Each structure stands twice: as structure tokens, then as C-alpha cells.
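Hi everyone, thanks for making time for this. I'll walk you through one protein chain, so please have the picture open and stop me when something is unclear.

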Amino acid sequence: MAPTWLDFWQRENEFDESMSTNFNYFLERVEMHIPLSKNHRVLDIGSGPGNLEDAWHNRVAEIHGLDISKRYNEIARARHASSSTVYFHDLDPDNYLNFSPVANRRFDVIIVMSVVQYYRHLSEVEQLLQAIKRVAAPDARALMCDLMVGESFLSDVWGILKRSLLQGKLVATLKLLVRLRFSHYHTVRKENGFLIIPESEWLAMCERLGLKARFINEPLTLQQERRNLLITF
């Protein structure tokens with residue numbers, strides 16, 4: 001059986017160390033669009049090793065991470081073992097749009113960081129938006145980050161390289177790209193590709209679901225060619 005993205009995230013991979021760099025860039029900019037409050041309850045969809053929880057755990061009332069990777073959840077739980085306000089929930093890899101672990105909760109802030117491109121079909125993204133709508137509190141904000149809206153993988157790489165050069169991290173980025181080319185990641189990407197959804201389709205989906213959404217003009221991640229969609233409730 002050909003390897004899938006679900007398989008990829010269950011094992012150690014090249015992003016384990018590098019994803020924190022992109023996340024730090026995001027954290028420096030996100031609060032221009034998502035103001036935080038001590039009363040806020042946060043949902044982190046695709047929480048990975050818990051980078052968002054590391055940054056926000058003492059700034060909000062609660063934060064819940066959802067991920068298909070039990071390995072990442074174990075890492076994140078160990079980091080926050082002493083916290084009574086941080087929770088990590090395992091999603092079923094065969095039913096990862098089932099958000100039953102948080103179905104009875106409502107969230108003021110919902111973050112989906114660099115996740116959607118690994119979904120299999122547009123219909124799954126629509127299910128994701130419906131699930132977000134169900135758990136959103138009144139006046140909530142949801143941020144869909146790092147969305148791939150264009151067809152060119154090379155332009156995506158070029159955007160990363162330009163931003164890395166400006167930050168003085170070009171050498172580290174080049175090393176990562178070389179490792180990715182000769183790693184399990186390259187095999188999985190070749191077999192599965194990425195889910196590309198044009199901006200017009202995102203806005204049309206949101207309109208069908210009765211969601212108020214707009215794209216943020218300025219980049220929020222190192223992938224400058226990607227877009228970020230803000231949904232307000």
C-alpha cells in the first residue's frame with residue numbers, strides 16, 4: 001500500500017525540529033487578527049507537538065489540541081503534564097473529522113495551522129468548516145493558516161527561501177529542503193500531492209455554509225505564497 005500523509009505524521013520526520021521556526025513567525029503576527037483574553041477558550045486543530053500551547057497556555061482560560069498523531073500528542077502531554085488548562089485529544093486517523101472529544105465545548109479562538117493541504121478531498125474541508133461552526137462560541141474567530149491556493153510547488157519553495165534569506169536562516173532552510181528531497185517526505189508527497197483550493201472556492205464554501213470569511217492581506221507564515229483565511233462568528 002502506498003504511504004499516505006496520515007502515515008507520515010505518525011513517525012519521526014524532518015519537520016519535528018523545523019516547524020517551530022515557522023510557528024514563531026506566526027506567533028509574532030497572529031494577535032493583530034486574533035486578540036487574546038484570559039477568558040478565551042482555544043481550539044488548536046492539528047496541534048502537532050504543542051507549539052501553540054507552549055506559547056498561549058498561560059494567556060487563555062483553556063486550550064485544547066486535536067491531532068491524529070499519537071506520537072505528537074504524547075510529546076505535547078509530557079510538556080504540559082502539570083497544567084490543568086491544557087488538553088490534547090487523539091483523533092481517529094480513519095475518522096479525523098470526528099471532533100467528538102470537544103463536541104460539548106464552545107471555543108472563542110480556533111486555529112488550523114498548515115493542516116488542510118494534507119486532506120484528501122474538498123468535501124473533507126467542507127466537513128471541517130461545518131465542525132468548526134458547531135463548536136464556535138458567539139463572536140468567535142477561526143483562522144485557517146498556511147492555505148495552498150495556487151498550483152506551483154516551486155513558487156511555494158521560492159517564497160520560503162526568500163523569507164529565510166531576509167531572516168538570516170537561508171543555510172538552515174536549504175539544508176532542510178535537501179533532507180526533504182531525500183526523505184520519506186518526498187515519497188509521500190509524490191504519491192499523494194497536496195490539496196490545492198483556490199481562494200474563490202474557499203470563499204464560495206464559506207458562503208454556502210453561512211460563514212463570514214475574508215483573506216488576510218499580509219502573510220502570517222514563512223510560506224509567503226500561501227494565504228490565511230479569517231472566519232468571524
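Let's start in strand β5 (residues 136-147), because that is where Asp139 sits, with helices and strands here being DSSP runs (H or I of at least four residues for a helix, E of at least two for a strand), numbered from the N terminus. Asp139 has a positive phi of about 70°, although it isn't a glycine. For background, most residues other than glycine have a negative phi. Is Asp139 buried or exposed? Asp139 is exposed, as its relative accessible area is 67%; buried means under 20%, exposed over 50% and partly exposed in between, using a 1.4 Å probe and protein chains only. Ser114 also has a positive phi, about 55°, and isn't a glycine either. You'll find Ser114 in the loop between β4 and α5.

Now, a word on what we're looking at. This is a predicted model, so local features need a pLDDT of at least 70 and side-chain atom pairs count only at 80 or more, while totals for chains, interfaces and linings use all residues. Residues are numbered from 1 along each chain as its sequence is written, and side-chain values use heavy atoms, leaving out hydrogens and water.

How confident is the predictor? pLDDT is its confidence in each residue, from 0 to 100. The protein chain averages 84, and 76% of the residues score at least 70. Confidence is highest in strand β1 (residues 41-45), at a mean of 98, and lowest in helix α7 (residues 170-181), at 56. Where pLDDT is low, the predicted coordinates should not be read in detail.

Next, the nonpolar cores. A nonpolar core is a set of buried Ala, Val, Leu, Ile, Met, Phe, Trp, Tyr and Cys residues joined through side-chain atoms within 4.5 Å. In soluble globular proteins, nonpolar side chains tend to be buried together. The largest core here has 37 residues, and those with the most contacts inside it include Ile45, Ile110, Leu129 and Trp202. Which elements give two or more residues to this core? They are β1, β4, α5, β5, α9 and β7 (227-232). The largest share, six residues, comes from α5.

Zoom in on Leu129. Not counting residues up to four places away in sequence, Leu129 touches Met144, Trp202, Met205, Cys206, Leu209, Leu211 and Ile231, where contact means heavy atoms within 4.5 Å. Apart from the largest core lies another, of 22 residues, among them Val30, Ile63, Ile111 and Leu220.

Since we've just met a cysteine, how many disulfides are there? The structure holds zero, a disulfide being a pair of cysteine sulfur atoms within 2.5 Å. Cys206 counts as buried because its relative accessibility is 1%, and Cys145 is buried as well, with a relative accessible area of 1%.

On to the aromatic rings. Searching the whole structure gives two aromatic pairs. Rings of Phe, Tyr and Trp (its six-membered ring) pair if their centres lie within 6.5 Å; planes under 30 degrees apart count as stacked, over 60 as edge-to-face and the rest as tilted. Tyr96 and Tyr119 make a tilted pair, at 5.4 Å centre to centre with 50° between the planes. That pair links distant parts of the chain, 23 residues apart: Tyr96 is in the loop between β3 (86-90) and β4 (107-113), and Tyr119 in the loop between β4 and α5 (122-135). Both Tyr96 and Tyr119 are buried.

Tyr118 and Phe194 form an edge-to-face pair, 6.0 Å centre to centre and 65° between the planes. These two are 76 residues apart, with Phe194 in the loop between α8 (184-192) and α9 (199-208). Tyr118 counts as buried because its relative accessibility is 17%, and Phe194 is buried at 18%.

Last stop: Ser47 and Asn73. Ser47 is in the loop between β1 and α3 (51-56), and Asn73 is in helix α4 (residues 70-79). Ser47 is buried because its relative accessibility is 6%, while Asn73 comes in at 0% and counts as buried too. Leaving aside neighbours within four places in sequence, Ser47 touches residues including Asn73, Asp67 and Phe88. Asn73, on the same basis, is in contact with residues including Ser47, Asp67 and His89. The C-alpha atoms of Ser47 and Asp67 are separated by 5.7 Å, with the two residues 20 apart along the chain.

That's my tour, so over to you.

Terms used. pLDDT is the predictor's confidence in each residue, from 0 to 100.
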